[in-house]
Amino acid sequence: MNRCFFCFPFFLLILFAHAPNLLFAQDKLTISGFVKEAGSGESMIGCTIGVKGTTTGASTNDYGFYSLSLSPGTYTLVFSFLGFVQIDSTILISQNLRLNINMETEVNEIQEIVVDAADTKDDNVRSSQMGKFDLSMERIKTLPVIFGEQDILKTIQLLPGIQGGGEGSSGFYVRGGGPDQNLILLDEATVYNASHLFGFFSVFNSDAIHNTTLYKEGMPAEYGGRISSVLDISMKDGNNQSFHGSGGIGTIATRLTLEGPIVKEKSSFIISGRRTYFDVITRPFIQNSDFKGSTYYFYDLNAKANYQFSDNNKLFLSGYFGRDVFAFKSDDINLSIPWGNSTATLRWNHLFSNKLFLNASVIYQDYQFELGANQDIFEFSLLSGIRDFNTKLDFDYFPNVRHQMKFGFNYIYHIFQPSSVSGRSGDVEFNPEGTQKLYAHEAAAYVQDQFDVTESLQLNGGIRISAFEQVGPSSQIIYDQFTGLPEDTIIYAPGQHIKTYGGLEPRLMARFALNRTSSLKAAVTINNQYIHLVSNNGTTLPTDIWVPSSTLVKPQIGYQYSLGFFKNFMENAIETSVEVYYKKLLNQIEYREGYTPTPNENLEESFVFGEGSSYGIEFFVNKKLGDFTGWVGYTLAFTDRVFEDLNKGEAFPYRYDRRHNVSVVGSYRLNEHWTFGATFVFQTGIAFTLPDSKYFIEGNILTYYSGVNTTRLPAYNRLDIAATYEGRKDRKFQSGWSFSIYNVYNRANPYFIYTSYDGTFLQDEQITVQAKQVSLFPIIPSITYNFKF
């Protein structure tokens, strides 16, 4: 009841805000159009359009479309985007007008860029959105990387409130949330496992990426299904002006991208591939070692094509296919372990009018993990994964300059494949039916409005109504409440209702401008999450399993409250912010104490449920213009969990409860050829559970634990440096080099801790437990040759 009451003001806000539009809309005329890059035809996402001499303005949506409603008259529109030449266009508005803009890349040296309020975006203080970061691929490419591979996920770990899973890991945790609580999208398709090499690299090839946006709080209502964050990644459309190629040859991988027009200025394509050559490089060195017969590699393929039928209609088709492959072959056994993602997205953009924009999408996603082994006459296989069929309708509506609305609908059909085991020994086949596929429907409708109440006050309110239904075919075992033994089984037919959940997910953000360069912001969000990642470890390994909400497993619910002060300096060249937050997480899932996985088990019987909370303060300073750019972030955070069936029901630190988290990122452009970069990170060690002692009593070994996550790894800190050389840009074939050193001062950061024992179990009644540290990466130099034509 209280959640419904919380949502009621949103409906009133939208109703009263738009009532005047129905009466006075005829006094306004609309100018609208698309903004694109002149050289490639790529859409400009988030380009700022201002009306000179006023505070009126707009920005382009995810497809480069903008709309402004103004009174008849003469105006100068200012189109600006960081790194591009500003365009001032003076126009007479006497009727509705379509104005498409092509923006040229800024060719001057960085030190010659004029820092002017009209030239640069001031969203840091002007927008009501909190916790949003737009990441430039050009900036990412100047930062140090491990083994020469640029990585979006490792870059976002350098932002305040976000941390990685461990040494080298591309997994990330946002404000005390788990890895499954992050919605990761690639051209609107969900990526369920975003890492290669057991978490050391992400699946995102930087050469194929156009735009990356992260929301760590105040998620717009168009996003749902997760309770911590959204990482929305868009692929390039492909150059519709001329044919180009680019690529690189690095320490462990090579990549190649080709793009060009199918029909000039109307249709284009891009195809981008990447493959490691671990297997090729290591083969000569492992023939006479313990690793003989083993091989590992991963590869990615991104592809996209589009066709513009008219200014009002455009079609996109994009896809991703990636696989990790580990194999081992000997005289005794053959082992193969492939896993990876496949996605496909078909989108149609349609412009109904100069105020109403539609994006309709049909999306397919599949994640699979397989393990196959055979030895003599015995064969064994394991399979797990998740597959989605998704449809979306998203509308952008621009009623007037004070309002920007979004509304839409989303439906997903989930097919879950928990770990299932089958095998064969000679003529005897082992294929138990204990583990079965699970099926579910998920749907949502949403509406949101960004409303400029006054020049100082902006509200951004939205509501999302979501529902989730698990359906058959399925079977459910009924257990006796006293003995705990199975007493009956319920069989559900295909499509038969099993369990339904639903709820309202409101969000409200507000910005109050104190002056032209500073503002206060506040945000409240409530989110539901209906699918869950269960893991017997702290990282997103490919053996983790996605399961739906069910009669036993309830949806996760997240409540987040944030308050921040935002200030810009030097005419928006430097952005600063201080944010405090509190997050409450309900229906969290862990394995019960002493859990050991068994084949084809009923996983739900192994779960325990509890709550979590997280609160902290974040400081951020970002210099985005000049020869020297970069940022400094610091987070002070507290995160815990409470489970009735764990740790005697007492609160314990979450594994990634890191009290202090510092990141320093810098990039210096010396001249048109050389750019230098560096990153430094410091983090409190993660919490983990270590046995205090072991006892040998009457032939049995007993382990004593004083509590959950009572021990911490040593603090983590690391310095990386990089240098990028770009050759002459006035040639058809251009080339350059990227040099980087990972872990410059060779710190032995902890990867994991294992225990050793002082004493002999057969002689001593008590054994002293000693913890020993394993480190992963020493100092690692890398070099990459880059080229484009």
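This passage walks through the overall make-up of the chain, then a small sheet and a nonpolar surface patch.

The structure is a predicted model. Its protein chain is heavy on strands, with 51 of them set against five helices. Out of 789 residues, 53% count as buried. Taking contacts between residues at least 6 apart in sequence, 66% join residues at least 24 apart. The accessible surface adds up to about 34,600 Å², and carbon and sulfur atoms account for 59% of that.

Turning to the sheet, four strands line up in the order E3-E2-E5-E6, forming an open sheet with antiparallel pairing. Strand E3 (57-59) and strand E6 (87-93) sit at the edges; each has a single partner strand, so one side of each is left without a neighbour in the sheet. On average, neighbouring strands here are turned by 20° against each other, direction ignored. Within the sheet, E2 (residues 48-51) and E5 (residues 73-80) run antiparallel and are joined by four bridges. Across this pair, Ile49 stands opposite Phe79 in E5.

Then there is the surface patch. Ile262, Val263, Tyr307, Phe309, Leu315, Leu317, Leu346, Trp348 and Val362 make up a nonpolar patch, together offering about 790 Å² of accessible area. At least two patch residues come from each of strand E19 (253-263), strand E21 (294-310), strand E22 (313-329) and strand E23 (334-351). Trp348 belongs to strand E23, and this tryptophan is partly exposed, with a relative accessible area of 34%. Patch members need over 30% relative accessible area, a cut-off that the 34% of Trp348 satisfies.

Conventions: Residues are numbered from 1 along each chain as its sequence is written. This is a predicted model: local features need pLDDT of at least 70, side-chain atom pairs count only at pLDDT 80 or more; totals for chains, interfaces and linings use all residues. Side-chain values use heavy atoms; hydrogens and water are left out. Buried means under 20% relative accessible area, exposed over 50%, partly exposed in between (1.4 Å probe, protein chains only). Contact means heavy atoms within 4.5 Å. Accessible areas come from the Shrake-Rupley method with a 1.4 Å probe; for residues, only the protein chains shown count as cover. Patches are made of residues with over 30% relative accessible area and no salt bridge: like charges are joined within 9 Å, nonpolar side chains (Val, Leu, Ile, Met, Phe, Trp, Tyr) within 5 Å. A salt bridge is a side-chain nitrogen of Lys or Arg within 4 Å of a carboxyl oxygen of Asp or Glu. Two strands pair if DSSP finds at least two bridges between them. Axes are lines fitted to C-alpha atoms, for helices over the stretch in contact, and angles run from 0 to 180 degrees between N-to-C directions.
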